[in-house]
Amino acid sequence: MSLDHKSALRVAHVLNEALPYIQRFTNKTVVVKFGGNAMVDEALQNSFARDIILMKLVGMNPVVVHGGGPQIGDLLGKLNIESRFVDGMRVTDSETMDVVEMVLGGTVNKQIVNLINKNGGRAVGVTGKDGLLLRAKKLQMQSEAAGLHASEIIDIGHVGEVEHVDTAVIDMLLHGDFIPVIAPIGVGEDGASYNINADLVAGKIAEYLHAEKLMLLTNVAGLQDKQGKVLTGLTTLQVDGLIADGTIYGGMLPKISCALDAVKAGVTSAHIIDGRVPHAVLLEIFTDSGVGTLITDNGQRATQAASE
């Protein structure tokens, strides 16, 4: 079935708009954190997989880092293991850590690998323990002690932060023309396993790989100002100001801080994009307008409110 003239022109326009971006990003590494709605909606899962495969086919090097908090919570519930949180961080004792490894390193990781492979890609799943990819240390949580003018250390178990990234495993997979899919589980010097926030892992991996882009899929349209309008292009200096004046707060703060740290460490740009939009990854990379918030050191895209 042939296209009518109007449809043909629209397709030609899309391809023509994408061409300079394809040329610019050939051989560049893009780290994508996969989570939220895109991870549980079947249609969004498949559009994400095809986006990643297309990136690979046009010469880019996508690296996927995934979360899995809801899936962990579901299995803990079925096993009658209580979930407790401190400042949004899951308290992870040894029993809970076993479940985290089972879900992130096993079930979820292999589901994503299979998703990419069945759509025509070549993905390989690893955890941060493979090849000592993610060297971790215990995360120290501090809280103001009631009635005291001092902080107290709260032990939340096997929750860690990234101390070092050894990119050898990722480099081997990329050079072998595979798509790495990474579960955010790190290993300490004593061999203990640590559950690490997937956004933080993606940011650190992007930093160590000297990536062109860090892309964080979320359940919101992007970073919004106090009037609720999406800010589509920001410099690191502007982001610092939005944090200082309270525009960025709460649950968005860790994600934005992760993106900000990555750009300040040398990643060319970070993107907070709406994972609820089909093909959000491609739209952000290969179109002029994008579908989220772009953070750079030089403000490549003028700050503006997103169109309806």
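Two strands count as paired here if DSSP finds at least two bridges between them, and helices (H or I, at least four residues) and strands (E, at least two) are DSSP runs, numbered from the N terminus. The model is a predicted one, so local features need pLDDT of at least 70 and side-chain atom pairs count only at pLDDT 80 or more, while totals for chains, interfaces and linings use all residues. Residues are numbered from 1 along each chain as its sequence is written, and side-chain values use heavy atoms, with hydrogens and water left out.

A good place to start is the pairing of strand β13 (residues 213-218) with strand β15 (residues 269-274): six bridges join them, and they run parallel. At one of these bridges, Thr-218 has Asp-274 of β15 as its partner. Both strands belong to an open sheet of eight strands, in the order β5-β10-β2-β1-β13-β15-β16-β14, with mixed pairing. The edges are β5 (123-127) and β14 (233-235), each of which pairs on one side only. On average, neighbouring strands of this sheet are turned by 20 degrees against each other, direction ignored; for such angles, axes are lines fitted to C-alpha atoms, for helices over the stretch in contact, and angles run from 0 to 180 degrees between N-to-C directions.

Helices pack against this sheet too. Helix α8 (residues 236-244) touches β14 and β16, and its direction makes about 90 degrees with that of β14; contact means heavy atoms within 4.5 Å. Helix α9 (residues 252-264) lies across β1, β13, β15 and β16, running at about 175 degrees to β13.

Then there is strand β2 (residues 61-66). Six of its six residues are buried, so β2 is largely enclosed by the rest of the structure. Buried means under 20% relative accessible area, exposed over 50%, and partly exposed in between (1.4 Å probe, protein chains only). Both faces of β2 are covered, with Asn-61, Val-63 and Val-65 buried on one side and Pro-62, Val-64 and His-66 buried on the other. Strand β1 (residues 29-34) runs parallel to β2 and is joined to it by six bridges, with Thr-29 standing opposite Asn-61. β2 also pairs in the parallel sense with strand β10 (residues 179-183), this time over two bridges, and Val-181 in β10 is the bridge partner of Val-64.

A few single residues help to fill in the picture. Asn-109 sits in helix α5 (residues 94-118) and is buried, with a relative accessible area of 0%. Leaving aside neighbours within four places in sequence, the contacts of Asn-109 include His-66, Gly-125 and Val-181. Ile-196 lies in the loop between β12 (193-195) and α7 (198-208), and at 3% relative accessibility Ile-196 also counts as buried. With the same neighbours left aside, Ile-196 is in contact with Ala-136, Gly-160, Glu-161, Val-162, Pro-184, Gly-186 and Val-201. Gly-292 is found in strand β16 (residues 292-296) and is buried, with a relative accessible area of 3%.

As for empty space, the search ran on a 1 Å grid over the protein atoms alone: a cavity is a set of points where a 1.4 Å probe fits but cannot get out, a pocket is an open set with protein on both sides within 12 Å along at least five of seven lines, and lining residues have an atom within 4 Å of a point. Grid points are joined across faces, edges and corners, and a volume is the space filled by probe spheres set on the points.

The largest pocket has a volume of about 1200 Å³. Of the 42 residues that line this pocket, the closest to its centre are Lys-33, Gly-88, Asn-197, Asp-199 and Lys-255. Helix α4 (69-78) gives the most to the lining, with four residues. By class, the pocket lining has 20 nonpolar, 17 polar and five charged residues, where Ala, Val, Leu, Ile, Met, Phe, Trp, Tyr, Cys and Pro count as nonpolar, Asp, Glu, Lys and Arg as charged, and the others, Gly among them, as polar.

The count of cavities of 30 Å³ or more comes to one, and the largest cavity holds about 50 Å³ of space. The largest share of its lining, four residues, comes from α3. The lining of this cavity divides into seven nonpolar residues, three polar and one charged.
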